[in-house]
Amino acid sequence: MCGISGFVYTNRQRTIDREVLRRMNRAITHRGPDSDGFFVHQNAGMAMRRLAIIDLSSGNQPISNEDATVWVIFNGEIYNFLSLRQDLESRGHLFKTNTDTETIVHLYEEYGANCVDHLRGMFAFAIWDTRKQRLLLGRDRVGQKPLYYAQHDGALIFGSEIKCLLEYPNFPRNIDLEAIDHYLTLQYIPAPWTGFKHIQKLPPAHRLTMENNKVLIERYWDLHYIPKLE
């Protein structure tokens, strides 16, 4: 199943509290009993719990590009990663594992935030670009994999489950009555609402980019009804 979590401070001089990151990751141990992994770079920290499926021996995360300037954590499965890998290798990218996870980081090198357009699968991922100081979050087209985020205390915080975010110090726990109304009406809470006022779901088929202290959320895919099947 796997799970991801992390946070990025908008203040580049503020360093990551590693114990907070460990607590967030520990909250989702049940999602990945096989291993954990951490990445901390100045004002950015990412963590993951892994349920090992592909490349059991060398597929631990986070995984970087060739020069360790771009890092990814990932929950899910990329169905077309073999064809993507072949294309990326033909463009000169060098792979050090056989995982579908590593495909994402090289796609980002090639296409930037548009890398998500090329993915077919169920996924939630986070990429940290150390050179551009850019965080990229992506969620699959129909929302099979969960991804929550919040802005609090000068940080953008994210995780596979709400309980990750609640581990962040002094995180507000105010109930969102509008979300509860949706739940009682629809029997589920649609994105971007959650049961908490300060926590949102990244909607399916959306990506979130944070760069230069600006957060941009964009839809990257929509269902098209043409051409019709005969």
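These legends walk through several views of a predicted model, starting with the whole protein and then moving in on its parts.

**Figure 1. The whole protein, with five helices and twelve strands.** Start here to get your bearings. The C-alpha trace spans about 55 × 50 × 35 Å along its principal axes. The radius of gyration is 17 Å, close to the 17 Å that the globule rule gives for 230 residues, so the protein is as compact as a globular protein of that length. Buried residues account for 53% of the 230. Take the contacts between residues at least 6 apart in sequence: 56% of them join residues at least 24 apart. On the outside, the accessible surface comes to about 11200 Å², and carbon and sulfur atoms own 50% of that.

**Figure 2. An open sheet of six strands.** Reading across the sheet, the order is β2-β3-β1-β9-β8-β10, and the pairing is antiparallel. Which strands stand at the edges? They are β2 (35–41) and β10 (200–201); each has a single partner strand, so one side of each is left without a neighbour in the sheet.

**Figure 3. Strands β1 and β3, joined by six bridges.** Here residues 3–9 make up β1 and residues 44–50 make up β3, and the two strands run antiparallel. To find your place in the ladder, look for F7, whose bridge partner in β3 is G45.

**Figure 4. The hairpin of β8 and β9, with two residues between the strands.** Strand β8 covers residues 148–152 and strand β9 covers residues 155–159. Five bridges hook these antiparallel strands together. Within the pair, Q151 stands opposite L156 in β9. At the hairpin, D153 takes a positive phi near 60°. Strand β8 also pairs with β10, this time through two bridges, and that pair is antiparallel too. Look for Y149 here: its bridge partner in β10 is Q200.

**Figure 5. T194, a buried residue in a loop.** You'll find T194 between α5 (177–186) and β10. Is T194 buried or exposed? Its relative accessibility is 2%, so T194 counts as buried. The side chain of T194 has polar company on two counts. It reaches the backbone nitrogen of F196 at 3.1 Å, and one of its polar atoms lies 2.8 Å from the backbone oxygen of I199. Setting aside neighbours within four places in sequence, T194 is in contact with Y148, I162, D176, A179, I189, I199, Q200 and K201.

**Figure 6. T209 in strand β11.** This strand takes in residues 206–211. T209 has 10% relative accessibility, which is under the 20% cut-off, so T209 counts as buried. What does T209 touch, not counting residues up to four places away in sequence? The list is A113, R134, L135, L136, K214, V215 and L216.

**Figure 7. Cysteines in a model with zero disulfides.** A disulfide would need two cysteine sulfur atoms within 2.5 Å, and the count here is zero. For C115, the nearest cysteine sulfur is that of C2, 18 Å away. For C164, the nearest cysteine sulfur is again that of C2, at 13 Å. How accessible is C115? C115 has 0% relative accessibility and so counts as buried. C164 is likewise at 0% and counts as buried.

**Figure 8. Two cis peptide bonds, both leading into a proline.** Most peptide bonds are trans, so cis ones are worth a stop. One runs from Q61 to P62, with omega near 0°. P62 lies in the loop between β3 and β4 (63–64). The other runs from A191 to P192, with omega near 10°. P192 is in the loop between α5 and β10, where T194 also has its place.

**Figure 9. A68 and N170, each with a positive phi.** Most residues other than glycine have a negative phi, so this view shows exceptions. A68 is not a glycine, yet its phi is about 60°. You'll spot A68 in the loop between β4 and β5 (70–78). With 38% relative accessibility, A68 counts as partly exposed. N170, also not a glycine, has a phi near 60°. N170 has its place in the loop between α4 (162–166) and α5. Its relative accessible area is 74%, so N170 is exposed.

Note on methods. Residues numbered from 1 in each chain as written. Predicted model: local features only at pLDDT ≥ 70, side-chain atom pairs only at ≥ 80, totals over all residues. Heavy atoms only, no water. Pairing = 2+ DSSP bridges. Helix = DSSP H or I, 4+ residues; strand = E, 2+ residues; numbered from the N terminus. Buried < 20%, exposed > 50% of the residue type's maximum accessible area, 1.4 Å probe, protein only. Polar contact = N/O pair within 3.5 Å; in protein donor to acceptor, adjacent residues only side chain to side chain. Contact = heavy atoms within 4.5 Å. Rg over C-alpha atoms; globule rule 2.2 N^0.38 Å. Areas by Shrake-Rupley, 256 points an atom, 1.4 Å probe, with all protein chains shown as cover.
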